[in-house]
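Here are a few short exercises to work through with the model open in your viewer. Try each task before you read its solution.

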Amino acid sequence: MKSNNDNQWDVIIQPHDRLFHINFAEVYRYRDLLGLIVKRDFVASYKQTILGPLWFFIQPLFTMVMYTFIFGKLAGFSTDGLPKPLFYLVGITTWNYFSDTLNKTSNVFKDNASIFGKVYFPRLIMPLSIVVSNLVKFGVQLLLLCFVMLFYVYTGVSFSPSYYLAFFPVVIVLMAAQGLGFGMIVSAMTTKYRDLAFLVTFGVQLAMYATPVIYPFSSVPPQYQGIISLNPMTAIVELSRLGLLGQGYFSMQSFGYCVLFTVSILLIGVIIFNKVEKNFVDTI
Amino acid sequence: MSTVIKVENLSKAYQLGQFNTGTISQDLNRWWARVRGKEDPFLKIGEKNVRSTKGTSNVVWSLKDVSLDIEQGDAIGIVGKNGAGKSTLLKILSRVTSPTQGLVKIKGRIASLLEVGTGFHPELSGRENIFLNGAILGMRKKEIERKFDEIVDFSGVERYIDTPVKRYSSGMYVRLAFAVAAHLESEILIVDEVLAVGDAEFQKKCLGKMQEVSKGEGRTVLFVSHNLSAIKQLCSKGVYLRDGEMIMEGTSEEAIVQYLSFNQKKNLVDVYSKPNIEGKDIELVYAEVVDAKNLHRKQFEISEEITINLTMHCNRKIPSVYGYIVIKNRQEEIFIESDTFDVLPNSLENLQLGDNRFQIKIRSNTLPFGDYLCYVSFASSFSDTYSVDIPGEILNFTVVDTLTQRGTSRRSKTGTLLKWELQHALK
């Protein structure tokens, strides 16, 4: 019987898999689940609220107003000659996507421990659903940005989207991958020791100041520009601004660095996540 | 018949205690051992999963070297005490957690029901939850759509299908959840103790459905339950686990008989007394069952009061310590479960150093006739710092019903005898 080799088995459960053993076919088979979870996140989070999905607009809008007042008017930061609200709104929208994805993914094991402990499905579905959920939210907020842009066009303030706008889809993919990659690394490391989760929550808040969200890259003193451009989100925020508003910093070097960084973070994230998902139920 | 599940030397170790700064050094040791290609140093000293005695190692094997072949169409009941490894085995087979050692090979799709209604979201309607839950269990959207009417029909909650499930009664919730799971198209079905919920009618319906699945459709079913009659009814084969090891594999009846007979063989004495004090902070040194005249007895009439005398030796005062007692029959059915917080103040908080005597009274006409075991344990929220005693199953006694006419043919679940009081005669 033993000669009837392992091919006849559909699933083999063993203590350790190979390092990079991810069953993408299986993830694909569960794509309906992904869609349903995304839908659940939306329907459930605005049940029993009066304003409902309007909350998607309110948060970035108020942040924009606050930033315009504090950083624009009081502190007098440069905005590269762009209308202040518009400048901040682009930064806020992209940064929020990244930080929301990262924060939510970091807690993916903790938040779903009860489901993960009872049913098997490819665990990767959960972080992916976070990416997609946030993507939908991002799309809605992009709509808000369009309204604000139209408003400025109507009042005759000058800004001009550049042909770098063609990069925008790539930019979205990059920041999604970054949030996901970082998030998965953190999530895997926090299953046993929760310390990192605390660090990440405020770390992400602080990291915003190391990213050109409230100031343009061009206003960074030359001696610090090196450090700031090490931040992989720098290229993303600047490139979005360059595409959408026509002002921003772009170099093939920084873009290439960003792509390389993102790919490696994502790869490391997936490997670590894949390794941890098998046994985390015992430790969480 | 072909083998659909092949379990080879399956073992699973769990780490006990808290995860904190102490465990990180162990983790580093473990990692270092792995880097050098050595075996995990902490697994070597692992022990059997016997919970009542405090072991020296904080690694415990909840499954040890289990090998098992399951053939297509088998309905297998797994019996064993709590902590025998039943759920761990099912969890590994369902791929919720992975084994520490060993291998499992599976042919076909597995649907596992370790809990009913996993992933149900209270805010969503019944309809939405059917889809979500179905997808979590591995169904495609089309599959669910095709079976939707059948599922709703089986659950019997058609009227509420567009109402958020948070407004469902717990019964409706469970019915809907089981209905989804029951309609999974899988070759293998794993069910863990889920029938404990729901009313008798529904349990019957579930058992019927499971029978249909295994006998009618030729699918393989693995079933864990403490309800031995359900296992006997549903399963053709049985597996008996004890302390993580597989004791036997055979027909379900053989497994049940062996499981019950082991429980009876335990060397219980009539009086529990410990001659040597071990030096724990709190220790039970003496226990006995007595009658109303404070005389030691083993057999009681249904209408008699039963008193349990306990003597506890206290070496050190422990904050928030409490006692726990369970009276159960040989089939592990619990008749009384109680702790010292039930009737306040908790008398254990006023222990004096030295010997303390306690009396627990079971009122007359409480227990029906039968053989009973009495399990006693003590615990504190600070169990890490203090050592408390867990004596376990220490006493046994029998309740008989010889004075009434109905006597042993009575099917009551309690020892209550009712009086028919004549109020006035009608002319």
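**Exercise 1.** Find which residues B:A177 touches, leaving out residues up to four places away in sequence.

*Solution.* This is a predicted model, and a contact here needs C-beta atoms within 7 Å. Start at B:A177 and skip its sequence neighbours up to four places away; you are left with B:V116, B:G117, B:F120 and B:N133.

**Exercise 2.** Place B:A177 in its nonpolar core, then look for a second core.

*Solution.* First, the largest nonpolar core holds 86 residues, and B:A177 is listed among those with the most contacts inside it, along with B:L93, B:A181, B:I190 and B:F223. Next, ask which element gives the most to this core: helix α6 of chain B (residues 170-182), with nine residues. Finally, a separate core of 47 residues includes A:V90, A:W95, A:F109 and A:F280.

**Exercise 3.** Describe the side of chain A that touches chain B.

*Solution.* Begin with the counts: 28 residues of chain A contact 33 residues of chain B. Then look at the elements: β1 (11-13) and α2 (31-45) of chain A each supply at least two residues of that side. The top contributor is α2(A), which gives six residues. Last, sort the chain A side by residue type, and you get 15 nonpolar, eight charged and five polar.

**Exercise 4.** Work out how β1(A) pairs with a strand of chain B.

*Solution.* Locate strand β5 of chain B, residues 101-106; its pairing with β1(A) is antiparallel and runs over three bridges. For one bridge, start from A:V11 and cross to β5(B), where the partner is B:I106.

Definitions and conventions
Residues numbered from 1 in each chain as written. Chains lettered and ligands numbered in written order. Predicted model: local features only at pLDDT ≥ 70, side-chain atom pairs only at ≥ 80, totals over all residues. Contact = placed C-beta atoms within 7 Å. Helix = DSSP H or I, 4+ residues; strand = E, 2+ residues; numbered from the N terminus. Nonpolar A, V, L, I, M, F, W, Y, C, P; charged D, E, K, R; others polar. Pairing = 2+ DSSP bridges. Core = buried A, V, L, I, M, F, W, Y, C linked by C-beta atoms within 7 Å. Buried ≥ 20, exposed ≤ 12 C-beta atoms within 10 Å, placed from the backbone.
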